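Me: I am new to this structure and would like a close look at a single part of it. Please choose one helix, describe it, and then show how it fits with the rest of the chain.

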Amino acid sequence: MLQSLHYSIDIIRDEARQLIQKGVVSRQQPIYTLCRHIPAREWALVETELESSGFLLRDRVGDLMGREDWEND
């Protein structure tokens, strides 16, 4: 039995945040660069969720992250 996967925008943001913290992805890169780090069979689900949330694949990863609060400036 196949399990249905669902990517919420929060899960995508968490994944992007982890990739930024690891230094693998920059906030300035387009969102479509995340496809290198998400399995190809799951990317269509991610892309659909991004589009339904109003994001374009050419938007920056930083736009996806939104506003972040920093403890130390």
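Reply: What follows looks at helix 2 and then at its surroundings in this predicted model.

Some context comes before the helix itself. The chain has 73 residues, and 30% of them count as buried. Its secondary structure consists of 3 helices and 0 strands, giving the pattern α-α-α along the sequence. The accessible surface of the chain is about 5500 Å², with 48% of that belonging to carbon and sulfur atoms. For contacts between residues at least 6 apart in sequence, 72% join residues at least 24 apart.

Helix 2 is made of 13 residues. From its first C-alpha to its last it reaches 19 Å, close to the 18 Å expected at 1.5 Å a residue. Just after helix 2 comes Gly54, which has a positive phi of about 90°.

Which residues of helix 2 are buried? They are Glu42, Trp43, Val46, Glu49 and Leu50. These residues lie on the same side of helix 2, because they cover an arc of only 130° around the axis. The face turned away from that buried side carries the exposed residues Arg41, Thr48 and Ser52. On the buried side, the residues of helix 2 pack against helix 1 and helix 3.

Two of the buried residues, Val46 and Leu50, also matter for the account of the largest nonpolar core: together with Leu34 and Leu64, they touch the most other members among its 16 residues. Helix 1 (9–22), helix 2 (40–52) and helix 3 (61–65) are the elements that give two or more residues to this core. The most comes from helix 1, with 4 residues. In soluble globular proteins, nonpolar side chains tend to be buried together.

Leu64 shows how one member of the core is surrounded. Beyond its neighbours within four places in sequence, Leu64 is in contact with Ile9, Ile12, Arg13, Ala16, Ile31, Leu34, Leu50 and Phe55. Leu50 of helix 2 is therefore one of the residues that Leu64 contacts, while Leu50 itself is buried under the 20% limit.

The loop between helix 1 and helix 2 holds Thr33. Is Thr33 buried or exposed? Thr33 is buried, because its relative accessible area is 6%, and buried means under 20%. Leaving out residues up to four places away in sequence, Thr33 touches Val25 and Val61.

Helix 1, against which the buried residues of helix 2 pack, also has charged pairs. The count of salt bridges comes to 2. In one of them, Asp10 pairs with Arg13, and the closest N and O atoms are 4.0 Å apart. Asp10 and Arg13 are separated by about one helical turn because they are 3 residues apart in helix 1. Asp10 counts as partly exposed at 49% relative accessibility, and Arg13 counts as partly exposed at 25%.

Another salt bridge joins the side chains of Arg17 and Asp14, at 3.1 Å from N to O. Both residues lie in helix 1, 3 residues apart, or about one turn of the helix. Arg17 is partly exposed, with a relative accessible area of 26%, and Asp14 is partly exposed as well, with 40%. Side chains of opposite charge can pair when their charged atoms come close.

Notes: Residues numbered from 1 in each chain as written. Predicted model: local features only at pLDDT ≥ 70, side-chain atom pairs only at ≥ 80, totals over all residues. Heavy atoms only, no water. Core = buried A, V, L, I, M, F, W, Y, C linked by side-chain atoms within 4.5 Å. Buried < 20%, exposed > 50% of the residue type's maximum accessible area, 1.4 Å probe, protein only. Contact = heavy atoms within 4.5 Å. Areas by Shrake-Rupley, 256 points an atom, 1.4 Å probe, with all protein chains shown as cover. Expected span 1.5 Å × (residues − 1). Arc of directions from axis to C-beta.
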